[in-house]
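Reader: Before I use any descriptive term for this structure, I would like to see each value set against its definition.

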Amino acid sequence: MKTASRFLLVILILAALTGGWFYLYTHSRAVSSDSQNATLDRLKDLKQLDSDWNTNVLKAQTEIIRTYDPLSQPLAIFASILSTLDAEMKVFNDAELKREVEDIRTTINKKTLMIDRFKAQNSLLKNSLRYMPTAYQDIQTKLRVEREAGMSEGSRLMKDVPGSFNELEKSLSTMNKTDSAANASNVNKAIAKLRTKMNAAKQADVATRGALTLVNLDSQFSTLVGDALHYNTIPDTETADRLKIGIEKTRGGLTSYPTSIREDVENLMSHLEAILNLRTKQIELLKAISQVPVIAKVDILHNTLTERFNEELKQQYNYQQLLLAYSAFALLLVFGTSGVITYRSMTERERLVDLVDKQTKELKENEVQLVHAQKMNALGEMVAGITHEVNTPLAAVKSGLQSSNDLMEVVREYIDESGKLASLLSTPNPADEEGRAKRKTDLGKLLTRVNELGEELTSFDALGTVNQLLKESIQNVDYIHQVVVNMLNFSRLDRSKISAVKIEEGIESTLTIAKHFLKNLQLTKRFGDTQPVNCDIAQLNQVLLNLIKNSAQAMPGDGGEIIIETSMASSKEVRVVITDNGTGVPADIQSKIWEPFFTTKKAGSGTGLGLSTCAKIIKSHGGQIEMQSEVGKGTTFTITLPIAPPSSLYEEHGQEANSQFLES
Amino acid sequence: MLLFSNRLLCASALLLAGMLAANLAVAQSEEPLHPLPTDLKFDQKKVALGFKLFRDTRFAKDNSVSCVSCHSFQHGGADPRVVPIGVAGTKHIFNSPSVFNSGFNFRQQWTAGAASLEEVTDKVVNSPRVFGSSWNEVIGKLSQDNQLVTDFKASYPTGMTAATISDALAVYQRSLITPSRFDKFLRGDANAITADEKQGYFKFKAYGCVGCHQGMNVGGNMVQRFGAMHDYFADRKKEGKELTDADKGRFNVTKDPDDMFMFKVPSLRNVALTAPYFHNGSAATLEEAVDVMFRYQLGRTAPAADKALIVKFLQSLSGEIKE
């Protein structure tokens, strides 16, 4: 729990350190000069686009370009750049920047409206300029027709005038010669004729003068058209005024013009007027367009942004400094901590080594306890075995002694009575009669009693019987002694722990102990010539007892055979093989049998410590234990033991000697 | 030294490029009409979405009409009626302009009141004369269409919204490009149009029609006063036709007196298919429309033969829609 919270604390501190570092790191790189440059580039694009726009307006005005596509195409690009800028300004969350972008948008919209107007006006202006010469030519053509008609009428009318004068002269000369009434009437006729002619001539003059007026008219239109063209090229107020007056004058005299040209003139005038008005407006409009402060507005945003960017850079620089300091601090911290940790881990390692040693010791002690418990188990087993062996002779000894004791009661009485008789006999006969008679009676009584007792003793040969009983008791006691010696041999409680013992001795003493559960089994011993093994024979006996017991328990009810073989596995190893023809161990549990607490026996009938303890004991002796088994055929345990056990065994027993279990 | 020469090289290369660009600009300026681009690419998934939406009557409050109802593919993307009829039989006040090539228009609608096709969608959804609906209502109806919702998610991370619906429709409409025989002619195929049509094109230029109907879309990139040289609306009044709101044109949008009677100059592409003409649909035939243009816009007359040639030229502007 404590470790967990400490671990958590370390994690938290590390997280805080890393978090702080990343905070500074990201802030020291927050400014992307790429994105800054991209934003500033966009502003440059806007300015470039705007100046191209201006150029294209002028190009359209001068008809270098003849479509308005280049004037309308920037709209979509402006919109897209502005919407990108909108998005970019959002990051700053700065009302000023937002307003400045909005300012650019408003300004561009204003300019767009002006350019829309320019397009509309320019197309009309160009149309009028294009059409004006044609319109003028049309009028000119019609005027020529009118003029020629007037002139020819005049000349036709004047054609006869000279002839009339000749006629008049002729009449006058005739009148001077003849002075007749006929002549007078001829003269009058001639004069009248001449007057008619003169009238006609007057008319002809009118016609010619009309034609002359038309010529003047033509030149008036021509001047106006020239003025209009001039005004389009050089729009000065003088020409404008002249044009305005000329148009007014022409329109005022419209009714005096030949009907055939009136409409055309009117049309020409409206185009002239259009040129005058549109061109005047255009100058103002172009000036206004060029003055729309798109670039100025973009520059304002540019300056504000540059300021912001510089601020950001400055801040970033501060963060970078801070990051540097922080990193240095963190590095120091890391080195310091790692130093402390190294020192700690070294001391900790020592502590751990101690701990491991202690735990290993405890573990071994536990193991020793376990082994001892097993030993106690075996002792229990042994006690169960010897109880039976000892109880019967003990009962016989008891009953023999009891019988001897009973018999000895009679012998004691016989001896008492005999003693009393002997002491009475040795006393002198009393003087008085009464005394003599009493002595005689007592002697008689005692004699009878002693005789009775003697007869009784003789009748069942008391002494022989006691002798026999004692003999039997001694035999029984001897047997018990033998049993006890066997027990001692088995447990070796009386000897030093490790000694050189022939393994067959161990087997024999074990078999004695195991006798009571081997009753129904056939036991075959094939002992080879083996060398004594340096071992803790008590422990090995325990192993042997365990294995023999297992074999015995593995037998089917109707008995079986156990073969115990000993031999030299090599010059330095002794081998013990215990084979039974019992039920065998199923393959699936063969690998488990060496595990502690594994058992196939019914619950309560075994601790399950058996085989794992056996393996441990054999291992501690530097030996090996193996099992081969086949279900239905039987099981073979093979133990191989070195004659000289590893030194650790001695150490173990040294410790064991210190252990309180065996001392108490 | 090396650096210097490199720089010099760069500078001269730039200069050369500039000159080339300038030459190109001059070369381009020779013709007032430009061919349609042939290399435009569109997101086909969005085009497919737009195609469906364009024919979807759920935009209308009463599910009676869709976009295609008044922008018919049989009529050059416009409507043969004088004025189109929208939701609940409501008559519009403007004649229906063509959707074909509308992506190349500088602004949309007769009044140039919409800056983009996206904006048009927003306007028509809410317009009582078109769909008479609202985005909430439209999206409410459309989002019940699982297939459509799935298709939108496939094309737009934000799924179906007013913005993505408008975008899909705009992408679709931008894809409606109608290259014509005349484009081939502009690209150098001298025999792509007939001799009469060529003559008509020369007249079209000579009479100054190209003053307004110029550029890639033969118009659609500027506004102009209707009745520039003669008062069209005064003459209409003489015929007994009172001034309508629609007649006020761009004034409706800007409220600027200078914008009175100003209209977007329509593109003349497919003009032969989009009768009747003008914002009020008052000209039933192309000939009639050309006459009106001569009188009121050019302020001049022309021989009938010339006008007939111009009409022939205009017919060569009809293109094909790839569907």
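The exchange below takes up the terms one by one.

Author: This is a predicted model, in which local features need pLDDT of at least 70 and side-chain atom pairs count only at pLDDT 80 or more, while totals for chains, interfaces and linings use all residues. Residues are numbered from 1 along each chain as its sequence is written, and chains are lettered from A and ligands numbered from 1 in the order in which they are written.

Reader: Why are H4(B) and H7(B) called oblique to each other?

Author: Helix H4 (residues 117–126) of chain B packs against helix H7 (residues 162–174) of chain B at an angle of about 125°, the angle running from 0 to 180 degrees between N-to-C directions of axes fitted to C-alpha atoms over the stretch in contact. Angles under 35 degrees count as roughly parallel, over 145 as roughly antiparallel, 65 to 115 as roughly perpendicular and the rest as oblique, and H4(B) and H7(B) are therefore oblique.

Reader: What makes up the contact of H4(B) with H7(B), by class?

Author: Leu117(B), Glu118(B), Thr121(B) and Asp122(B) in H4(B) meet residues of H7(B) including Ile165(B) and Leu169(B), where contact requires C-beta atoms, placed from the backbone, within 7 Å. By class, this contact has 4 nonpolar, 3 polar and 4 charged residues.

Reader: How do you know that the span of helix H12 of chain A agrees with what it should be?

Author: The expected span is 1.5 Å times one less than the number of residues, so the 12 residues of H12(A) (residues 503–514) should span 16 Å, and the end C-alpha atoms are indeed 16 Å apart.

Reader: Which residues of H12(A) are buried?

Author: Among them are Ile503(A), Gly506(A), Ile507(A) and Thr510(A), buried meaning that 20 or more other C-beta atoms lie within 10 Å of a residue's own. Across chain A, buried residues make up 25% of the 664 residues.

Note on methods: Buried ≥ 20, exposed ≤ 12 C-beta atoms within 10 Å, placed from the backbone. Helix = DSSP H or I, 4+ residues; strand = E, 2+ residues; numbered from the N terminus. Contact = placed C-beta atoms within 7 Å. Nonpolar A, V, L, I, M, F, W, Y, C, P; charged D, E, K, R; others polar.
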